[in-house]
Amino acid sequence: MLTAKRPSSVTFFDAYPHVTGGSHQVSITIATELRSRTGVHFLTTGEGPFTEELDSLGFDRSVVQLPGSLMTYGHNTQGHKAMLAASLLPLAWDRIRRRIPPGTDILHASDLRGVLLAGPAARAMKVPVVWHVHLGERSTTLNRLAGLTSNSIVIPDPSTLESAPGLPMQKVQVVPNAVQHDVLARDPVTRGGCRLVTSSRLVPQKGLDLLLEAVASVRNSFSAIRLDVFGGEQKGYEAYARKIRLRLTELGLDQTVTLRGHRSRPYTYWSEAAVYVQASRWENYPVAVLEAMALGLPVVATDVGAMAKIVENGRTGILVPPGDPPSLALAIIRLLDNPVEADAMGSAGRERVLRDFVPSVMANRIMSIFEAVTVGSN
């Protein structure tokens with residue numbers, strides 16, 4: 001009978017070091033919880049905000065340099081660019097194989113790009129691969145190929161399967177996201193005024209253009225409204241960032257909306273906010289919403305992905321249809337107009353996070369998966 005074997009070393013691979021988002025926070029949360037039990041190493045494809053945060057937390061890490069054609073972001077790899085990128089994959093696998101530290105027992109790869117780049121390299125070394133799907137990709141073919149290189153696949157919620165067709169179901173494990181201890185240890189924010197906050201990279205997915213439309217409408221009822229956007233431009237989506245800045249001027253919101261850019265731990269800047277807003281066109285299991293709830297902020301969010309599993313509509317926040325600025329505006333107005341209700345929602349949200357979204361629970365489940373695939377690979 002095979003017995004569980006705790007891995008002595010885990011390498012976390014991430015192909016998006018130029019940003020920090022929910023997927024990065026999940027990896028950091030898991031690694032922080034596990035590094036007292038096993039060796040932890042991060043391998044990335046470059047330097048950026050993510051590696052800066054890893055350094056600040058004292059994680060061991062290294063970088064593998066890959067051909068530029070494989071580092072094109074923003075879904076720009078199409079046509080002849082896609083053919084060139086595919087031809088360079090064997091070179092990338094060889095480079096990654098050489099950079100995976102000796103003694104690695106598990107490779108934890110984030111998202112589709114991560115597992116397509118690092119999965120074959122790890123398997124060539126007979127290192128089991130756990131693929132963590134944070135945001136599903138709709139290519140059935142690529143998901144099936146990635147599934148072949150993976151020993152186990154982690155998703156935060158069954159709704160992920162809707163945006164990631166082709167995943168081999170026998171390998172899928174559901175592990176909900178959690179928030180870091182740093183968030184849980186913070187006091188609730190002091191709510192007040194008309195300040196809205198959102199954690200939103202300047203990419204179409206986050207629906208910032210829709211939120212601007214809503215804010216322009218809310219301003220008719222609350223002239224003092226302010227929106228702070230925490231999130232920078234993302235490589236490959238420069239045109240969308242230009243569109244957002246132009247739209248700010250067109251709507252006369254230059255003095256109302258402030259683009260704060262990238263901030264490490266953006267939740268530390270949310271003091272005295274009134275409402276957290278997430279206007280995403282699509283999501284999976286957004287960590288920023290959990291962080292807002294942990295700080296006692298009521299949430300207005302679009303009902304996409306697993307959002308309804310996080311935000312209890314009418315109890316911890318308000319859910320609205322995606323792509324609907326008027327509904328966003330009405331929900332924001334409701335909370336600004338009813339501070340007692342907003343306070344009650346914020347308190348209920350904080351209680352729920354402290355009960356259901358603690359990091360130790362997520363990390364223990366991930367470790368169980370690591371142990372299982374280690375045994376299965378023997």
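Is Asp 356 buried, partly exposed or exposed, and what is its relative accessibility? In this predicted model, Asp 356 counts as partly exposed, because its relative accessibility is 35% and the partly exposed class lies between the limits of 20% and 50%. The side chain of Asp 356 meets that of Arg 352 in a salt bridge, with an N to O distance of 3.4 Å. Both residues belong to helix α14, where they are four residues apart, or about one turn of the helix. The contact forms part of a wider arrangement, in which salt bridges that share partners join Glu 312, Arg 315, Arg 352, Arg 355 and Asp 356 into one network.

Arg 352 also takes part in a second contact of this network, a salt bridge between its side chain and that of Glu 312, at 3.6 Å from N to O. This pair links distant parts of the chain, since Arg 352 lies in helix α14 (residues 339-356) whereas Glu 312 lies in the loop between α12 (307-310) and β13 (317-320), 40 residues apart. The two partners fall into separate accessibility classes: Arg 352 has a relative accessible area of 13% and is therefore buried, while Glu 312, at 28% relative accessibility, counts as partly exposed. The assignment of Arg 352 rests on the limit for burial, which is set at under 20% relative accessible area.

A search of the whole structure finds 20 salt bridges. One of them joins the side chains of Arg 247 and Glu 213, with an N to O distance of 2.7 Å. This pair, too, links distant parts of the chain, as Arg 247 is placed in helix α10 (residues 238-250) and Glu 213 in helix α9 (residues 208-218), with their positions 34 residues apart in the numbering. Arg 247 is partly exposed, with a relative accessible area of 26%, and Glu 213 is likewise partly exposed, with a relative accessible area of 29%.

Helix α9, which carries Glu 213, also passes helix α13 (residues 325-337), and the axes of the two helices come within 8 Å and cross at roughly 50 degrees. At this angle α9 and α13 are therefore oblique to each other, and the crossing is right-handed. A further helix pair is formed by α1 (residues 22-34) and α2 (residues 49-56), whose axes come within 11 Å and cross at roughly 20 degrees. That angle makes α1 roughly parallel to α2, because angles under 35 degrees are counted in this class. The crossing of α1 and α2 is also right-handed.

The strands considered here belong to an open sheet of six strands, arranged in the order β10-β9-β8-β11-β12-β13 with parallel pairing. Its edge strands are β10 (257-261) and β13, each of which pairs on one side only. On average, and with direction ignored, neighbouring strands of this sheet are turned by 20 degrees against each other.

Within the sheet, strand β11 (residues 275-278) pairs with strands on both of its sides, as the strand order indicates. Strand β8 (residues 195-199) and β11 pair in the parallel sense over two bridges, and Val 197 has Tyr 276 as its bridge partner in β11. Towards strand β12 (residues 299-302), β11 is joined by three bridges, and these two strands also run parallel. Here Tyr 276 stands opposite Val 299, and Val 277 stands opposite Val 300. Tyr 276 is thus named in bridges to β8 and to β12.

In a regular strand the side chains alternate between the two faces of the sheet. Both faces of β11 are covered, with Val 275 and Val 277 buried on one side and Tyr 276 and Gln 278 buried on the other.

The connection from β11 to β12 includes helix α11 (residues 287-294), and the three elements make a right-handed β-α-β unit. Met 293 has its place in helix α11, and this residue counts as buried, at 0% relative accessibility. The C-alpha atoms of Met 293 and Leu 259, which are 34 residues apart along the chain, are separated by 22 Å.

Technical notes. Residues numbered from 1 in each chain as written. Predicted model: local features only at pLDDT ≥ 70, side-chain atom pairs only at ≥ 80, totals over all residues. Heavy atoms only, no water. Buried < 20%, exposed > 50% of the residue type's maximum accessible area, 1.4 Å probe, protein only. Pairing = 2+ DSSP bridges. Right-handed = clockwise from strand over helix to strand, strands pointing away. Salt bridge = Lys/Arg side-chain N within 4 Å of Asp/Glu carboxyl O. Axes fitted to C-alpha atoms, helices over the stretch in contact; angles between N-to-C directions. Parallel < 35°, antiparallel > 145°, perpendicular 65-115°, else oblique. Left-handed = near helix turned anticlockwise from the far one by under 90°.
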